[in-house]
Amino acid sequence: MEALQHGVLPASLYGDEPTEKVEWDGVRLLSESVEWPAGDRPRRAGISGFGISGTNAHVILEEAPQATSADAAAPRTENRSGGEVAWLLSAKSPAALREQAARLHAHVSADPALDVVDVAHSLATTRGHLDHRAAVIGHDRTRLLADLHELSRGGAPGSSVRGTAGHDRRLAVLFTGQGSQYAGMGRQLAEAHPVFKAALDETIDELDRHLDRPLRPILHPEDGEDSLLHQTAYTQPALFALEVALFRLVESWGLRPDFLLGHSVGEVTCAHVAGALSLRDAALLVTARGRLMQQLPSGGAMLAVEATEDEMTARLADRTSGLCVAAVNGPRSLVVSGPENEITAAAAQWQQQGRRTRRLQVSHAFHSSLMDPALDELADALRHVEVRPPTIPIISNVTGVPLGAAELTGPEYWVRHARQPVRFQDGMRWLGRTGVRNFLELGPSGVLTALARDCLAESGHGTATTAAALGTGQSEPESLISAVSELHVHGVRVEWGPVFAGRAVPLPTYAFQHRRYWPDAAPDQPLGTVTVTPAVPGSVDAAEPTHEEEAPPAARIRSTEDALALVLAEAAAVMGHGSADDVAPDRPFAESGMDSMGMVRFHKRVIALSGLVDLPAATLVEHPTPLALAERLAHLTAAGRHDDERATTPPPAPGAGSPSGPATGTLVTALRRAREADALAEMLPVLAGLSRFGPPSGARAEPSQPLLITDGPAAPTVVCVPSFMAGSGPHQFIRLAGELSPRLRTHGLTLPGFADGAGPPATWREATDALAESTLRAADGNPFVLLGQSIGGVLAHATARRLCETGNAPAGIVMIDTFDPEPAERGAVFAWAMRQILDRDPEGVVVTEDNVAAMGTYLHLVDEWEPGVLDVPVLLLRAEPGREGSGAQDGAPGRPWRTAGTVVPIDADHFSIIEQHAERSAAAVQKWLTELEA
């Protein structure tokens with residue numbers, strides 16, 4: 001860049017004589033500086049960087065076109081944020097984020113000519129979005145700078161939002177129901193955003209075909225009169241128009257929801273934006289619904305009550321009145337519906353018991369028996385509505401689970417929907433269990449946002465991000481941009497280009513946080529003698545005993561904050577970080593750099609320090625972030641565990657391996673000695689022979705319970721089969737599954753004989769039968785794909801063979817760097833793999849006596865394996881390190897699997913293909929699955 005700027009090619013720094021091993025035709029080594037003036041065509045420079053480890057980087061730079069006076073004078077394109085902007089900041093740590101804010105404040109303050117929209121556009125589109133994020137929101141330069149300054153000092157100005165990008169970036173959009181409407185809703189957005197106005201106009205035009213008067217004057221009355229807006233015949237179409245326009249606007253900003261959940265009439269909006277109903281049919285449905293309900297006799301009312309569903313059901317069971325439960329909105333939030341006089345009496349009774357109640361702003365008793373006279377006519381009106389399968393999963397108000405395409409084929413569903421209770425809480429519970437942590441409410445208020453928080457907190461998912469597009473007390477444009485910024489700072493992808501249509505302007509460079517790594521000599525020691533003291537955040541200085549050191553380990557966890565400090569400190573120690581600040585609480589362990597062996601080591605350290613000796617390894621999969629794990633640990637220790645369930649062993653020293661030291665035992669010791677003597681090829685047959693004389697289990701090998709690693713709505717389910725080499729297990733696939741997420745459901749299997757207390761299989765057939773049964777449990781009736789790495793690919797293929805024989809063929813098989821286990825090459829392949837595992841596990845964390853014995857069983861049983869070709873698509877990912885400069889070849893012996901229909905080379909080695917370079921493997925798998933589906 002300096003050469004382009006100054007028009008001079010600098011002399012080579014270290015070379016003055018060209019090598020004879022390069023053909024220099026047309027190219028010369030620069031032994032002195034050369035002028036490089038601009039010409040008729042752009043100048044380009046190639047730069048190569050060669051790392052000592054073998055990692056190389058290459059880039060070609062081209063000079064930018066010169067700005068013309070016409071460019072400088074070009075009129076500003078429209079600011080599509082409606083006058084409000086968000087200055088987006090991000091960094092790798094909280095300290096760097098504060099410094100980023102300080103740098104930007106100084107930069108903008110020094111240049112009064114900088115336009116706030118250009119700054120917003122440049123921050124959003126020319127800078128990366130790292131994990132620690134903040135957004136300062138406003139339209140006034142003075143206010144933006146003041147809030148930026150406050151942010152740089154560690155404060156939290158009211159116009160800013162801060163967060164950490166979470167690992168699960170799935171988004172659920174919530175559509176508000178009746179009762180939240182207000183006159184003029186959407187007017188400011190229509191004035192500020194052409195996309196919103198166009199969608200609103202189109203929707204109103206379609207609705208007007210079914211209404212007895214135009215909707216626009218009712219929605220945006222000139223005199224503020226809102227009586228017509230609160231009549232059901234117009235309320236429901238007005239809400240539908242507003243919500244469709246809001247969805248089209250945020251959709252144009254790149255927000256793509258993974259799930260939709262509406263409340264009552266809000267589900268009609270879901271059906272339309274998901275593609276199940278055309279605009280024409282959705283307009284017919286919502287207007288017919290509103291009109292028929294409006295025509296019912298008045299005298300009905302609805303009441304929100306602070307009560308549980310069980311309490312209300314018991315109360316209504318003793319009554320002969322027409323009161324019904326109309327909505328279950330939260331753990332203690334219900335709506336009852338029925339005759340007005342009975343609603344009034346019920347309100348008084350609940351208030352006498354100290355319960356909060358609130359009359360809803362509605363004209364009729366929806367979702368009650370008073371709706372029955374309109375249901376047959378509603379069904380008749382919808383006879384010719386055409387329904388298509390939704391392209392976005394819709395969570396049903398009727399069942400609380402995703403709607404099946406068959407449920408929408410006739411008018412019957414919408415009749416049930418109008419009559420039965422709205423099961424909003426059940427829908428939120430399903431989304432919480434599925435792992436959705438980001439929610440955006442599109443509607444005139446934030447009523448569902450508050451309800452969603454209560455539902456998620458009750459079900460143990462209180463760390464979710466909830467944002468309401470409108471109804472926050474701000475102007476509509478500011479409220480919307482604040483909601484979208486809230487999602488952005490927590491990791492939801494937003495395409496900011498269409499939001500801030502400004503020009504790119506120079507910005508400050510990144511605020512790198514410099515840290516000294518050079519060890520210091522102790523004062524009383526000569527230079528060259530270094531005392532290294534491991535420093536783990538949160539550890540207690542042994543020189544200053546405290547009362548906590550005398551307490552059982554679990555007693556140290558008194559809150560989620562205590563558990564989080566422990567988790568962050570131990571994760572930092574396992575991953576070799578110097579500080580717990582280097583571990584993001586909301587980022588998955590795998591994404592933070594913890595590999596499968598580190599996960600096992602970390603699990604053992606957490607057991608020792610928490611005292612939860614029965615903490616299953618699956619806990620780290622089910623709670624994959626430090627914060628989620630901390631919440632789980634706090635819950636378990638607060639549950640009042642008995643002393644005999646708590647570990648009393650002291651915690652390991654910081655930096656130590658496993659709490660109990662390296663695994664020992666006859667088999668492990670012999671295996672490691674064989675490795676030292678480079679005699680694994682002779683040792684493994686011995687282990688296979690010994691397995692024949694182990695104690696008989698006396699029972700058939702039992703299938704293991706599949707471990708859910710990641711969850712998602714997309715098919716097929718991916719079932720991962722581990723290798724039978726010692727140290728293997730479902731933990732191998734955590735990193736890969738995280739890259740396949742968030743769309744795919746991924747399960748990991750444990751091989752028979754590898755689970756605690758499980759007996760080994762007696763035959764290869766028995767092993768594959770057990771794996772086949774575990775696979776069907778994981779698939780749960782859905783299409784599935786088997787995936788195996790290394791010799792696990794052979795097991796996956798053999799399992800698929802058994803499933804095909806029973807009529808349960810998989811949709812495909814993915815084999816990751818799998819070799820044909822030919823008898824002549826098995827010894828070399830298995831010895832090579834075991835050597836790599838032992839070298840990666842010097843502390844003896846994952847290679848244990850039990851799994852070495854289990855490996856011996858499979859080394860013996862693999863002789864029973866027979867090759868075969870299946871009528872099932874097979875993808876083979878071949879590890880070919882060094883293809884793109886990632887490192888040297890790893891010297892793996894053996895011949896790759898030969899009967900795969902598709903072979904994709906991956907720039908990775910045999911182990912990094914599912915760990916450090918898992919994203920490459922995941923991309924190849926997802927591309928193949930897409931092609932299979934097509």
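Why is helix α16 (residues 424–434) largely enclosed by the rest of the structure?

## A helix on the inside

The answer lies in how many of its residues are covered: helix α16 is largely enclosed because 9 of its 11 residues are buried. Keep in mind, as you look around, that this is a predicted model. The buried residues of α16 are Phe424, Gln425, Asp426, Gly427, Met428, Trp430, Leu431, Gly432 and Thr434. If you would like to see what surrounds them, look for the strands β8 (171–175), β9 (259–262), β11 (324–330) and β14 (438–442), together with the helix α17 (447–458); the buried residues of α16 pack against these elements.

Just past the end of the helix, Gly435 has a positive phi of about 100°.

## The chain as a whole

It helps to set this helix in its wider setting. The protein chain has 934 residues, and 51% of them count as buried. Its secondary structure consists of 30 helices and 22 strands.

Contacts in the chain often link distant parts of the sequence: taking pairs at least 6 residues apart, 77% of the contacts join residues at least 24 apart. The accessible surface is about 42,400 Å², and carbon and sulfur atoms account for 52% of that area.

## Two buried residues with polar side-chain contacts

Ser90 is a good place to zoom in. This serine sits in strand β5 (residues 85–91). Its relative accessible area is 8%, so Ser90 counts as buried, the limit being under 20%. Its side chain has a polar atom 3.1 Å from the backbone oxygen of Gly128, and the side chain also reaches the backbone nitrogen of Leu130 at 3.0 Å. Beyond its neighbours within four places in sequence, Ser90 is in contact with several residues, including Leu97, Gln100, His129, His132, Arg133 and Tyr510.

Thr232 belongs to helix α9 (residues 232–252). With a relative accessibility of 0%, Thr232 is buried. The Thr232 side chain makes a polar contact of 3.2 Å with the side chain of Gln178. Setting aside residues up to four places away in sequence, Thr232 touches Gln178, Pro237, Gly290, Met293, Gln294, Ser363, His364 and Phe366.

## Empty space inside

Now for the gaps. There are 5 cavities of 30 Å³ or more. The largest cavity holds about 190 Å³ of space. Its lining is made up of 18 residues, and those closest to its centre are Ser728, Gln732, Gln789, Ile837 and Phe911. Two elements, α20 (596–610) and α28 (823–840), each give two or more residues to this lining. The largest share, 3 residues, comes from α28. Sorted by class, the lining of the largest cavity has 7 nonpolar, 9 polar and 2 charged residues.

The second largest cavity contains about 80 Å³ of space. Its lining consists of Met725, Ser790, Ile791, Phe819, Asp820, Pro821, Arg826, Val829, Phe830 and Ala833. Here too α28 gives the most, with 4 residues. By class, the lining of the second largest cavity has 7 nonpolar, 1 polar and 2 charged residues.

## Loops worth a look

Two aspartates stand out for their backbone angles. Most residues other than glycine have a negative phi. Asp780, however, has a positive phi near 55°, and Asp817 has a positive phi of about 50°. Asp780 is in the loop between α26 (764–779) and β19 (784–789), while Asp817 is in the loop between β20 (812–816) and α28. Which of these loop residues is buried, and which is exposed? Asp780 is exposed, with a relative accessibility of 58%, whereas Asp817 is buried, at 7%.

Pro498 is another loop residue to find, located between α18 (476–489) and α19 (560–575). Its relative accessibility is 27%, so Pro498 counts as partly exposed. Where in the sequence is His121 relative to Pro498? The two are 377 residues apart in sequence, yet their C-alpha atoms are 9.3 Å apart in space.

Terms used:
Residues numbered from 1 in each chain as written. Predicted model: local features only at pLDDT ≥ 70, side-chain atom pairs only at ≥ 80, totals over all residues. Heavy atoms only, no water. Buried < 20%, exposed > 50% of the residue type's maximum accessible area, 1.4 Å probe, protein only. Polar contact = N/O pair within 3.5 Å; in protein donor to acceptor, adjacent residues only side chain to side chain. Contact = heavy atoms within 4.5 Å. Areas by Shrake-Rupley, 256 points an atom, 1.4 Å probe, with all protein chains shown as cover. 1 Å grid on protein atoms, 1.4 Å probe; cavity = no way out; pocket = protein on both sides within 12 Å on 5 of 7 lines; lining within 4 Å. Points joined across faces, edges and corners; volume = space filled by probe spheres on them. Nonpolar A, V, L, I, M, F, W, Y, C, P; charged D, E, K, R; others polar.
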